[in-house]
Amino acid sequence: MTISTGNSANNQFGESMKPTGRSSDQGPTAEEYMLPSAQPVQLVGPSGEHIHNDRYPLPDGEALLSAYEKLVVGRRINDQANALVRQGRMAVYPSSHGQEACQVAAAVVLEKDDWLFPTYRDTVAVITRGVDPLGVLTLLRGDWHSGYDPYEYKTATQATPLATQLLHAVGVAHAAKLRGENTVVLALCGDGATSEGDFHEALNFAAVFHVPVVFLVQNNEYAISVPLKHQTVAPSLAHKAIGYGMPGERVDGNDLAAMLSVLGKAVDRARDGGGPALVEAHTYRMQAHTNADDPSRYRAQSDVDEWVPKDPITRMRTYLGNLNLLTAEEEQRIAGAAEETASTLRDGLNSEPEINPADLFEYVYTEKTSQLREQAALLADELSREGA
Amino acid sequence: MTDTAVRSGSAEKAAGTTKTGLQPLTFAKALNTALADAMEADPSVIIFGEDVGPLGGVFRITDGLTARFGEERCFDTPLAESGIMGMAVGMAMNGMIPVVEMQFDAFAYPAFEQVVSHVAKMPNRTKGKVKLPLVMRIPYAGGIGGVEHHCDSSESYYVHTPGLTVLAPATVRDAYLMLRDAIRFPDPVVFLEPKKLYWTKETLDLDELRKEADDAATAGSTVGRAVVARSGTDATLIAYGPSVPTALAAAEAAAAEGRSLEVIDVRSLVPFDDETVTASVRRTGRAVVIAEAPGFASVAAEIVARVQERCFNSLAAPVRRVTGFDIPYPAPKLEHFFLPSVDRILDTVDELQWEDA
Ligand SMILES: Cc1ncc(C[n+]2csc(CCOP(=O)(O)OP(=O)(O)O)c2C)c(N)n1
Ligand SMILES: [Mg+2]
């Protein structure tokens, strides 16, 4: 059996290939083209050392420094949001502590007119994309289901029903393609979400319609309490790509440089008409699923401790410091920027937002039905009597 | 989308119809013409689903659309209903008006999560920033001798979901007008097409219909409006979709026995037209609601409650229901026991406490 690879043919986001060739003189085979690297791509190791990779170049120092700043700010956002939950200012927060390299890379590889489709876990990605942090936290503080205009930053609402947003991403890309727009869509999901039917349907639709979507799975090893081995016995999540006829790649999700390089290539390839791709980022959920979770019931602290030395910030700081790209003053400036974001969050969440009960009926339909008009009047009447 | 040459070959008949003046038109052709006219009027209208391309859909509602408008605007998808619905959400977010076909009522269930969690809620979630102008067409209900999974009356699932607009035409004329209105509607519409009516015919002037659909004064007017399908004075039969012809037949039979029954065609399940229904029942003082779906916690149950709440002082008898039994849709040889029939309707009308009048 041969596998058709759609219009264009570039192997893991790089070299061209012959889709059905068997021998090396004909170019790589479909398997070689679509299967991920033998090991997760790593460009900067845990001790901050550069690891050469033929296929994925190291981003330049300036790009790394700029992304590093976002990494530090992202960590601060996670810490601050956790604190706000503890203080009762926010109902719940799914932290991406430890996953910030994935979050930052997902946001910065996109152009302004591209689209990002995030999940509940991806607050840092959404803020990094430029969305007002208070708008982002509206969902989690409980004022409304979403607090920003998806069109302003081409960032969809944070999806809670697992994997459903992947299909929306395909639809946005499909519409863009039909109109001849050069949009790329990056869609996020977790390892657990890859078991959902919508994950399968989204990847298949994306491949069949050959639309520019990059699927990024943050494999943080857990879906609440359930470890990855209960989700799949596939060799890796990235291997699933070949089943849909698209390339898959796996990458060290705690390596900012590798994330930028691999995702950047996938995005470029999609923009050039190369079609969709699947990227699996190996990372780890360092904290509880949310504040409501008790991880001691399903994993040992020693397992978590093993990931501490692999932290995305530490290694990038070492790497950039060794190259003298990150000076003490620069480090201080970045810490200041992170504090500024944190205080924006604190100030915003410490003030009580105006809540308008009439909004309940305002956005169900473009025009209220007669039934909703009656119900709105009923509530308004109750409230006016309460106030009287 | 693959090989155009191979795949567009089979549709030789033109989509829609270009004939003018009075002409016999089937329900199916009226829908097909509405789709073609909507696509002609607005390039962002696109159609996709299972077998809707060269085949024209299993009921031929999309017949000829691929040939006429091209594969980019009417195309087959992989066989996955959640995928179809989810992709429609994204396309609607990004400037398109997707009109998707679910092959049969019961095969729309895999799309349920997308419908309930996103189609219905996205505009609310974003305070109206994201509108989803899309139509989910569903060939629905029974009376066609279909085997299991091909005859469900699934309207209650949709009408119970705030955010969805749910329409069910019962005449050829409404098939055209309501589908045009649905496609132009700013919010997502679940469009229920009674399968057993696909082959019914009316003689209609398409030019007049088109004028009505396009004229600013009348466009959109079918959404949220019930109509009096037959005037009467003694009692009101309230029906929608596949039950409307049955209700009309019952009214005809009752007239022969000297009883004058009004028939209301609800048309728009959401928004529901309390005004038209209430006005009729206040006039007649008696009402029977007719629907194919199982009656428990159903649209019929809701209508009974609404009529009772609003017309209590005008009622001469309890509001009654003739619905499907509370059982899974029966096998073909048993469906006639299940479906509301003229006799069952007349029996119920007979029980409306006439002796007290
Ligand atoms: C369809 C659906 N089923 C169940 C849930 C409840 N739920 C929320 S998050 C979660 C775990 C998801 O794990 P994963 O996809 O790995 O993402 P992570 O939370 O690790 O980022 C579950 C089961 C949900 N949100 N949606
Ligand atoms: Mg996970």
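**Group meeting: a ligand site, two sheets and a few local details**

Okay, let's start with one arginine in chain A. A:Arg141 sits in helix α5 of chain A, which covers residues 133-141. Before I go on, remember that this is a predicted model. So what does the side chain of A:Arg141 reach? Two things I can show you. There is a polar contact of 2.7 Å between the side chains of A:Arg141 and A:Asp143. And a polar atom of the A:Arg141 side chain lies 3.2 Å from the backbone oxygen of A:Gly348.

Staying with chain A for a second, here's the domain picture. The chain is divided into domain 1, residues 30-355, and domain 2, residues 356-388. If you take the C-alpha centres of those two domains of chain A, they lie 39 Å apart. Both A:Arg141 and A:Gly348 have numbers that fall in the 30-355 range of domain 1.

Now the sheet in chain A. It's an open one with five strands, and the order is β1-β2-β3-β7-β6, with parallel pairing. At the edges you have β1, residues 115-117, and β6, residues 248-252, and each of those pairs on one side only. Going from one strand to the next, the twist averages 20 degrees.

Let me zoom in on one pair there. Strand β2 of chain A, residues 185-190, and strand β3 of chain A, residues 213-219, pair in the parallel sense over six bridges. If you want a spot to click on, A:Leu186 stands opposite A:Val214 in β3(A). And just have a look at the loop that leads from α7, residues 197-208, to β3 of chain A, since A:His210 is found there. A:His210 isn't a glycine, yet it has a positive phi of about 50 degrees.

Right, on to the ligand. How many residues surround ligand 1? There are 16, and the closest are A:Tyr120, A:Arg121, A:Asp191, A:Gly192 and A:Tyr222. Those closest ones are from chain A, but the whole set comes from chains A and B, so the site is shared between chains. By class, we're looking at seven nonpolar, five polar and four charged residues in the shell around ligand 1.

For specific contacts, I've picked three. A:Asp191 has a polar side-chain atom 2.7 Å from an oxygen atom of ligand 1. For A:Tyr120, a polar side-chain atom lies 2.8 Å from an oxygen atom of ligand 1. With A:Leu162 we're on the backbone instead: an N or O atom there lies 3.2 Å from a nitrogen atom of ligand 1. And in terms of cover, ligand 1 on its own has 580 Å² of accessible area, of which the protein covers 75%.

Last stop, chain B. Here we have an open sheet of seven strands, running β3-β2-β4-β5-β7-β6-β12, and this time the pairing is mixed. The edge strands are β3, residues 74-76, and β12, residues 268-270, of chain B, each pairing on one side only. On average, with direction ignored, neighbouring strands of this sheet are turned by 20 degrees against each other.

What about the β12 edge? Strand β6 of chain B, residues 165-167, pairs with β12(B) in the antiparallel sense over two bridges. One residue pair to look at: B:Leu167 has B:Ser268 in β12(B) as its bridge partner. And then, where does the cis peptide bond sit? It joins B:Val270 and B:Pro271, with omega at about -5 degrees. B:Pro271 itself is found in the loop between β12 and α11, residues 274-284, of chain B.

That's my tour; happy to take questions.

Terms used:
Residues numbered from 1 in each chain as written. Chains lettered and ligands numbered in written order. Predicted model: local features only at pLDDT ≥ 70, side-chain atom pairs only at ≥ 80, totals over all residues. Heavy atoms only, no water. Near = heavy atom within 4 Å. Polar contact = N/O pair within 3.5 Å; in protein donor to acceptor, adjacent residues only side chain to side chain. Areas by Shrake-Rupley, 256 points an atom, 1.4 Å probe, with all protein chains shown as cover. Nonpolar A, V, L, I, M, F, W, Y, C, P; charged D, E, K, R; others polar. Pairing = 2+ DSSP bridges. Helix = DSSP H or I, 4+ residues; strand = E, 2+ residues; numbered from the N terminus. Axes fitted to C-alpha atoms, helices over the stretch in contact; angles between N-to-C directions. Domains from an automatic or database assignment.
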